[in-house]
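Hello,

Here is the structure I promised to pass on. My notes follow below it.

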Amino acid sequence: MAAYPQDPGAPDAPYLAFWRERHLCTLTTPRPDGSPHVVPVGVTYDPESRLARVITDAASRKARNVAAAGADGARVAVCQVDGGRWATLEGRAFVRAEPERVADAVRRYAVRYGRTPGPNPTRVVIEIELTRAMGRG
């Protein structure tokens, strides 16, 4: 089987362009029992900082799964597919509640998805410190 590695900090142009298009993605987090929890999400990708971001409510299962992993973060993956094009980003995820980080994530989401989410006082951002990228844009 062919491998399609990308540098998460310097992906090729088609891969990066694919991540800038509007696509629904999936986030896979580990449940406390180790089984995978897979949910649809919006994801933004910032190769310069080697981060992917997912905005969510602090009480969501995905945020609680990440928080339960503790100080070392949770190993997670985000993925998007469109026909023969696909892209996966992997790394360590952390829940961030600092207002400036949440606002930055909301701004990035609005750029990618063309709409600004409504106010949510319990919104957090899951920041994924990227260690691996693969796919074909």
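Start with helix 3: Glu 100 and Val 111 are exposed on one side of it, exposed meaning over 50% relative accessible area, buried under 20% and partly exposed in between (1.4 Å probe, protein chains only). This is a predicted model, where local features need pLDDT of at least 70, side-chain atom pairs count only at pLDDT 80 or more, and totals for chains, interfaces and linings use all residues. Residues are numbered from 1 along each chain as its sequence is written, and side-chain values use heavy atoms, without hydrogens and water.

On the other side, Val 102, Ala 105, Val 106, Tyr 109, Ala 110, Arg 112 and Tyr 113 are the buried residues of helix 3. They fall within an arc of 165° seen down the helix axis, so they line one face of helix 3. The arc is taken from the directions from the axis to the C-beta atoms. Just after helix 3, Gly 114 has a positive phi of about 75°.

Now the largest pocket. Its volume is about 250 Å³. Residues lining it include Trp 19, Asp 46, Arg 107 and Val 111. Lining residues have an atom within 4 Å of a point of the pocket, an open set on a 1 Å grid over the protein atoms alone, where a 1.4 Å probe fits, with protein on both sides within 12 Å along at least five of seven lines. Helix 3 gives the largest share of the lining, four residues. Helix 1 (13–20) and strand 4 (44–46) are also among the elements that give two or more.

Best wishes

Technical notes:
Grid points are joined across faces, edges and corners, and a volume is the space filled by probe spheres set on the points.
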